[in-house]
Amino acid sequence: MENPEQRDQDKTLICDPTQINATQENEKIIEWEDFGHELARLWSLTSALKEANEKKLNLQEKLQYFIQEHAAQVKTESLTRLNELEEMRERLVARKVMMGNMSTRCKVATEDAKKQEKMLSAELRSWLVAGTSLSVARKRLQESNRTLNEKRGYIKLKNMQRKLRARQQYMISQVSLLYPVKSLVGPAQEEELESYPSSSRLGNSSVPKPINCGTLTILGLHLTMRPFTKMSFFTDKKEVQKSATALGYVAHAVSLIASYLQVPLRYPLRLGGSCSYVNDNVPPAGPTTLDLSWKTPLSATVKPVEFPLFLKGQDTTRAAYAIFLLSKDIEQLLNFIGEDSLGPRHLVANLKELLRCVQSSEFIDTS
């Protein structure tokens, strides 16, 4: 088969006169005897040229195939690399965001650590100061114990106690001068707190101490309990007012004695002269005391209730209970100095007994 390029070249040689002349000049005269050999040679050259062209086409096709395959492979690898680069870029952005968050958290943690360090340093300083104060107090306590263990220290302590009790005795004697409790000799007109049953401070039915048959007065006023138990329309209002005033005197005297003896009263008093009150810390309704948490303060679980020491505009039951609570306060003070109460019926008598015991010589000599 004739090669197209060879055919085009032959056409060019035929059409171009210069090439025709050049061809004529280069013509080779072949003898007839050599024509067969020359024709065979040309034929073999033509066949070789044809094979060369076919090989060239095959090589071009293979090369084109290899080029396309390589290009596809390169394109695939490029896409893969682009995807990997995109993933790496996304990871880098995520890492940057994470590093930013970590940097922010690190700054916050650093600030918190600085604050904690300041707080801890302040607490450490306070603990050091407290430790120093504690060590000083411990040394003083050891010195005090060493002094007390000695004979002179014990004597000094006894002297200080005697001076303290003498001072308390003097101050309470001034209270007895301010509110004198006296006994008027004669038949008893009224028994104090006659509405209450005879009982001791422990609640047992025992015989109380004998008291003077005379009528007791405080600052010249006799305390009559009949209106507090048998109030009626015909009750003398002056008698009620005098009894309220006498109760105000007793409450004030008890408050002063408790403060001088440094005894917190179980039933605190709110002084107001003839309109004084007694507070009773009543536990709240609902859960029992066992149900209350040990962390709950007493002020949050106990609600104080006031009871009047007078009858004007008040209930007789509440007023009588207020007198009973006032008597229990006097009993508390008597127990504090080591004496027994005459019973809740004898309010003014208990006060007189308290004043007598405090002003006696045994009060100062009590160890």
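This passage describes helix packing, salt bridges and the setting of one strand residue in a predicted model.

Helix H8, which spans residues 316-336, takes part in two helix contacts described here, the partner in one of them being helix H6, which spans residues 237-261. The axes of H6 and H8 come within 11 Å and cross at roughly 30°, an angle that makes H6 roughly parallel to H8, given that angles under 35 degrees count as such. The crossing of these two helices is left-handed. On the H6 side the contact is formed by Leu247, Val250, Ala251, Val254, Ile257, Ala258 and Leu261, and on the H8 side by Ile323, Leu326, Asp329, Ile330, Leu333 and Phe336. In terms of residue class, the contact of H6 with H8 comprises twelve nonpolar residues, no polar residue and one charged residue.

The second partner of H8 is helix H9, and the axes of H8 and H9 come within 10 Å and cross at roughly 20°. H8 and H9 are therefore roughly parallel to each other, and H8 passes H9 in a crossing that is left-handed. The residues that make this contact are Ile323, Leu326, Ser327, Ile330, Leu333 and Leu334 from H8, together with Leu347, Asn350, Leu351, Glu353 and Leu354 from H9. Eight of the residues in the contact of H8 with H9 are nonpolar, two are polar and one is charged. Ile323, Leu326, Ile330 and Leu333 of H8 thus appear in the contact with H6 and also in the contact with H9.

The count of salt bridges comes to four, and three of these pairs, taken up below, involve residues of H8, of H9 or of two strands. Within H8, glutamate 331 forms a salt bridge with lysine 328, the closest N and O atoms lying 2.9 Å apart. Because glutamate 331 and lysine 328 are three residues apart in helix H8, about one helical turn separates them. Glutamate 331 is buried, with a relative accessible area of 5%, and lysine 328 also counts as buried, at 19% relative accessibility, a value that falls under the 20% limit for that class.

Within H9, which covers residues 347-358, glutamate 353 and arginine 356 are likewise three residues apart and are separated by about one helical turn. The closest N and O atoms of the salt bridge between glutamate 353 and arginine 356 are 2.7 Å apart. Glutamate 353 counts as buried at 14% relative accessibility, whereas arginine 356, at 48%, counts as partly exposed. Glu353 is also one of the H9 residues in the contact with H8.

A further salt bridge joins the side chains of arginine 270 and glutamate 306, with an N to O distance of 2.6 Å. Arginine 270 lies in strand E4 (residues 269-270) and glutamate 306 in strand E6 (residues 303-308), so this pair ties together parts that are 36 residues apart in sequence. Both partners count as partly exposed, arginine 270 with a relative accessible area of 39% and glutamate 306 with 29% relative accessibility.

Glutamate 306 is also among the residues touched by asparagine 279, which is placed in strand E5 (residues 277-282). When residues up to four places away in sequence are not counted, asparagine 279 touches Tyr267, Pro268, Val305 and Glu306. Asparagine 279 is buried, with a relative accessible area of 16%, whereas its contact partner glutamate 306 counts as partly exposed.

Notes
Residues are numbered from 1 along each chain as its sequence is written. This is a predicted model: local features need pLDDT of at least 70, side-chain atom pairs count only at pLDDT 80 or more; totals for chains, interfaces and linings use all residues. Side-chain values use heavy atoms; hydrogens and water are left out. Axes are lines fitted to C-alpha atoms, for helices over the stretch in contact, and angles run from 0 to 180 degrees between N-to-C directions. Helices (H or I, at least four residues) and strands (E, at least two) are DSSP runs, numbered from the N terminus. Angles under 35 degrees count as roughly parallel, over 145 as roughly antiparallel, 65 to 115 as roughly perpendicular and the rest as oblique. A crossing is left-handed if the near helix is turned anticlockwise from the far one by less than a right angle, and right-handed if clockwise. Contact means heavy atoms within 4.5 Å. Ala, Val, Leu, Ile, Met, Phe, Trp, Tyr, Cys and Pro count as nonpolar, Asp, Glu, Lys and Arg as charged, and the others, Gly among them, as polar. Buried means under 20% relative accessible area, exposed over 50%, partly exposed in between (1.4 Å probe, protein chains only).
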